[in-house]
Amino acid sequence: MTKYTKDIKLAIVQGYNPDLVSQNEYAKQMGVTKSQFQYWLRLHEMHGESAFTNGYTNYTARFKLDVLNYMAQSEASLMDTAALFNLPDFSMLHSWHKKLETGGPEALEPKKKGRPSMKKDSKPSTKRSVIEGSVEALEERIKLLEMENEYPKKVECLSSKQGKITKQDKAQVVWELRHKYPVMALVQLAGIPRSTYYNLIKRMNQPDPNADLEAEIDSIYTEHEGRYGYRRIRDELKIRGWKVNHKKVQRLMKNMGLRCLVRMKKYKSYKGTVGKIAPNHLDRQFTAEAPNEKWVTDITEFKLFGDKLYLSPILDLFNGEIITYTIGSRPTYSLVSEMLDEGLKRLPEEHHLLLHSDQGWHYQMNSYRQALKSRGILQSMSRKGNCYDNAVIENFFGILKSEFLYYKEFENAEHFKEELKKYIEYYNVKRLKAKIKMSPVQYRTHFEKAA
């Protein structure tokens with residue numbers, strides 16, 4: 001039989017294109033049998049280029065018996081079994097099977113290499129048994145001790161990397177040591193059934209069906225800097241064309257060691273009386289039918305580098321978009337008036353709008369109220385001390401502080417302002433909102449196209 005080198009086998013396998021020619025025709029062109037070529041394909045599929053590295057090996061009787069037992073228990077085909085154990089030729093397995101049937105397990109013992117000795121023994125040859133205390137018994141004991149020493153070291157190495165040991169990890173270590181020690185002894189030491197070991201090995205040599213999905217999950221997680229949990233990642237996957245259950249995403253993220261780095265903090269307040277400047281027209285109706293129907297605003301405080309910064313944004317209740325914002329080192333009226341001027345630039349003339357706030361002194365200023373009145377804007381105010389009347393903007397502040405303020409590190413106040421601008425843009429353009437399954441800008445654009 002013609003012997004083929006590793007390079008020749010690899011070139012034949014890599015040169016095959018199933019779209020251009022059948023396996024039978026290609027094998028004829030290459031001058032090999034169809035079964036030979038199919039087996040090389042199977043080897044390459046399971047083990048890659050390393051499948052053709054090992055030459056013929058003088059396998060132990062124990063190894064041969066384990067392979068034959070696996071084939072019988074799993075009902076795998078002869079070719080699949082041979083490929084799984086990376087045998088250089090699947091016909092070897094057929095030969096082992098015939099020997100076992102005709103001569104029993106003793107027939108699987110490897111023959112001694114080299115020319116047979118011409119000397120005749122004076123005594124008739126008898127099969128020697130291992131006697132306790134003999135050299136053979138000591139050698140077996142040493143081998144067993146080596147195995148008991150080497151196996152735990154490899155397992156501990158895996159444990160230090162991932163924190164726990166699974167059956168797959170144990171099977172992997174047994175697989176690595178299978179040529180050095182008997183598989184039967186190894187699986188017994190590992191504490192897993194032999195059938196379980198072979199099933200795990202079979203699955204280990206198959207491609208991971210979730211590899212592409214895990215890569216997509218990791219890409220989304222990295223892109224959003226760990227701010228997304230499994231539900232929001234599931235929503236992003238749906239946008240990208242993946243149909244996957246949130247429980248599967250949660251399970252894969254757990255296996256990958258990914259978890260949302262943001263933890264929301266709840267805010268509690270008390271119920272107060274109705275305000276006197278303007279009634280609560282919003283009345284917790286936090287939905288809008290179109291953009292620029294209902295805006296909400298408030299001021300929040302940041303403590304940085306021993307100083308304070310104050311943020312005053314306007315949020316559209318239609319899609320949660322931040323219309324505009326101002327930031328300053330003091331909570332002066334100009335902080336609110338400049339924000340209002342910028343927001344009104346986006347508002348069409350004679351447009352009906354409701355603008356809701358709390359009862360902060362800025363919003364009670366006569367100049368603020370007149371600016372709203374001159375544009376026909378209906379002013380609405382929360383009850384005193386009741387943050388739930390303006391819950392949407394309070395929720396935004398909570399998200400902002402969890403995903404941005406407590407999440408990142410800043411060099412100084414100017415660096416904070418630069419990063420804040422980036423985050424607001426990210427919040428508007430890229431970050432998915434759970435209720436609308438889109439970012440605020442995407443939702444507004446979708447509405448405007450449909451209108």
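**Group meeting: strand E1 and a helix pair**

Okay, let's start with one residue: Lys294 sits opposite Leu354, which belongs to strand E5. Quick caution before I go on: this is a predicted model.

So what's around that spot? Lys294 is part of strand E1, residues 294-297. E1 pairs with E5, residues 353-357, in the parallel sense, over three bridges. E1 also pairs with strand E3, residues 307-316, and that pairing is antiparallel, again with three bridges. There, Trp295 has Asp316 in E3 as its bridge partner.

Now, which way do the E1 residues point? Lys294 and Val296 go one way, Trp295 and Thr297 go the other way, and all of them are buried.

Let's zoom out for a second. The chain has 451 residues, and 40% of them count as buried. In secondary structure, we've got 19 helices and six strands. And if you take contacts with a separation of 6 or more, 63% are between residues 24 or more positions apart.

Next up, two of those helices. When two helices pack, people describe them by the angle between their axes and the distance between the axes. Here we have H11, residues 211-223, and H13, residues 246-256, at about 80 degrees, with axes 11 Å apart. An angle of 65 to 115 degrees counts as roughly perpendicular, so that's what we call H11 and H13.

Who's touching whom? From H11 you get Leu213, Glu214, Ile217, Asp218 and Tyr221, and they meet Lys248, Val249, Leu252, Met253 and Met256 in H13. That contact breaks down into seven nonpolar residues, three charged and no polar.

Terms used: Residues numbered from 1 in each chain as written. Predicted model: local features only at pLDDT ≥ 70, side-chain atom pairs only at ≥ 80, totals over all residues. Heavy atoms only, no water. Helix = DSSP H or I, 4+ residues; strand = E, 2+ residues; numbered from the N terminus. Buried < 20%, exposed > 50% of the residue type's maximum accessible area, 1.4 Å probe, protein only. Contact = heavy atoms within 4.5 Å. Axes fitted to C-alpha atoms, helices over the stretch in contact; angles between N-to-C directions. Parallel < 35°, antiparallel > 145°, perpendicular 65-115°, else oblique. Nonpolar A, V, L, I, M, F, W, Y, C, P; charged D, E, K, R; others polar. Pairing = 2+ DSSP bridges.
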